[in-house]
Amino acid sequence: MTARIGHVAVVGAGAMGSQIAMVCALAGHRVTLTDADPAALDRARTQLRERTDAMVAKGRRSADEVAQAWARWEAATVPPADADLVIEAIVEKLEAKRELFADLDARCGPGTVFASNSSSFVPSSLASATGRPDRFVNLHFFNPALVMTCVEVVRGPETADAVAAEATEFVTGLGKVPVVLDREIPGFVANRILGAVRDEALALYEGGYADIEAIDTAARTALGYPMGPFELMDLTGIDIGYLTKTARYADTGDAADKPSDTVAALVADGHLGRKTGRGFYHYDQAGNRLGKAL
Ligand SMILES: NC(=O)c1ccc[n+]([C@@H]2O[C@H](COP(=O)([O-])OP(=O)(O)OC[C@H]3O[C@@H](n4cnc5c(N)ncnc54)[C@H](O)[C@@H]3O)[C@@H](O)[C@H]2O)c1
């Protein structure tokens, strides 16, 4: 726990926020997890209980450590005014996030640091909704946050050096590995690299140079990737990358940001990957891969 950041508020109790809150509680912080929807808080509590029970059962944490983390954890429908750090993890909609930060700015003391877990909105696009752009960073956790070690610490143009340093120290204190971006750029580092690999794989396929199985095999056996780009798109959901690229294209107008024809056609046909039983590959009911679909 850093000297200054004691109490952390996490806003948004979905897939990311719930686990980020437990990461903080396990690292010794007092945590308030908030969500506008009380049912989301109930779901988060149940799922986190299952996860912390499993940690104890597998010997990764002691029962005492977990009990202490739960004693530091609370749920609320309204964010507290006295947190040292607020981490926002609500729906990926710019106006909803800006509204939330404007409201937090009015409620929280001047010392509170604001952070967004957004995957695509850069700090300056959110910090400008507050009167404290110097006390704003993105802290981009990866899914599942209880497991993945990387956290990107993204500085906006107005982020104070001391705030960036404090946020980085906070991430280290969570037992995570901070990756600091000195300048903001949409997509940050990890997802941009992933996107470049995915785009090249699609270009090779669309150019008729190799089929999807060959490209996935090269990524696994030559580059040591745990799965190939097409296998990964099927796993995460083809619509997710499509929506990210569509939003970025609307923003930049850059042809390089436009979703590929192959991806657009799959999304239009409802072939979104494992979750629909078909994407680049076919899957059975249990999610086992059967063979290529393209
Ligand atoms: N899912 C991922 O793999 C992933 C990875 C990294 C970052 N992110 C980012 O994390 C954020 C959250 O993603 P998620 O997948 O956890 O979303 P989610 O849909 O699972 O959860 C969002 C939660 O926010 C709540 N919410 C919405 N508006 C709110 C408001 N105004 N006030 C309070 N609560 C509100 C909803 O009730 C919901 O429970 C997004 O910005 C996303 O880009 C997601």
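**View 1. Phe101 sits in helix 4 (residues 94-107).** Helices here are DSSP runs of H or I with at least four residues, strands are E runs of at least two, and both are numbered from the N terminus. A heads-up before zooming in: this is a predicted model, so local features need pLDDT of at least 70 and side-chain atom pairs count only at pLDDT 80 or more, while totals for chains, interfaces and linings use all residues. Residues are numbered from 1 along each chain as its sequence is written, and side-chain values use heavy atoms, with hydrogens and water left out. Phe101 has a relative accessible area of 0%, so it goes down as buried; buried means under 20%, exposed means over 50%, and partly exposed is what falls in between (1.4 Å probe, protein chains only). Look for Ala129 in the same frame: Phe101 and Ala129 are 28 residues apart along the chain, yet their C-alpha atoms are separated by 6.3 Å.

**View 2. The ligand and the shell of residues around it.** There are 20 residues around the ligand, and Met16, Asp35, Glu92, Lys97 and Asn117 come nearest. To be counted as near, a residue needs one heavy atom within 4 Å of the molecule or strand in question. Helix 1 (15-26) and strand 6 (136-141) each put at least two residues into this shell. By type, the shell splits into 9 nonpolar, 7 polar and 4 charged residues. In that tally, Ala, Val, Leu, Ile, Met, Phe, Trp, Tyr, Cys and Pro are nonpolar, Asp, Glu, Lys and Arg are charged, and the others, Gly among them, are polar.

**View 3. Backbone contacts to the ligand, from Met16, Ala36 and Ser119.** A polar contact is a pair of N or O atoms within 3.5 Å; within protein, one must be able to donate a hydrogen and the other to accept it, and residues adjacent in sequence count only if both atoms are side-chain atoms. At Met16, a polar backbone atom is 2.8 Å from an oxygen atom of the ligand. For Ala36, a backbone N or O atom lies 3.3 Å from a nitrogen atom of the ligand. Ser119 offers a polar backbone atom 3.3 Å from a ligand oxygen. On its own the ligand has 840 Å² of accessible area, and the protein covers 70% of that. Accessible areas come from the Shrake-Rupley method with a 1.4 Å probe, and for residues only the protein chains shown count as cover.

**View 4. Side-chain contacts of Asp239, Thr168 and Glu65.** Asp239 is in helix 10 (residues 238-252) and is buried at 16% relative accessible area. The side chains of Asp239 and Lys275 make a polar contact of 2.9 Å. Over in helix 6 (residues 161-173) there's Thr168, buried at 19%, with its side chain reaching the backbone oxygen of Ala164 at 2.6 Å. Glu65 belongs to helix 3 (residues 63-71) and, at 36% relative accessibility, is partly exposed. A polar atom of the Glu65 side chain lies 2.9 Å from the backbone nitrogen of Ser62.

**View 5. Backbone oddities at Pro144 and Phe188.** The peptide bond from Asn143 to Pro144 is cis, with omega near 0°. Pro144 falls in the loop between strand 6 and strand 7 (150-155). Phe188 isn't a glycine, but it has a positive phi of about 60°. You'll find Phe188 in the loop between strand 8 (177-181) and helix 7 (190-206), and at 1% relative accessibility it is buried.

**View 6. Cysteines without a partner.** A disulfide needs a pair of cysteine sulfur atoms within 2.5 Å, and searching the whole structure turns up 0 of them. Cys108 can't bond because the closest cysteine sulfur, in Cys24, is 15 Å from its own. Cys150 is stuck too: the closest cysteine sulfur is again in Cys24, at 16 Å, too far for a bond. Cys108 is buried at 7% relative accessibility, whereas Cys150 is partly exposed at 24%.

**View 7. The two domains of the chain.** The protein chain divides into domain 1 (7-181) and domain 2 (190-286), with bounds taken from an automatic or database domain assignment. Their C-alpha centres lie 29 Å apart.
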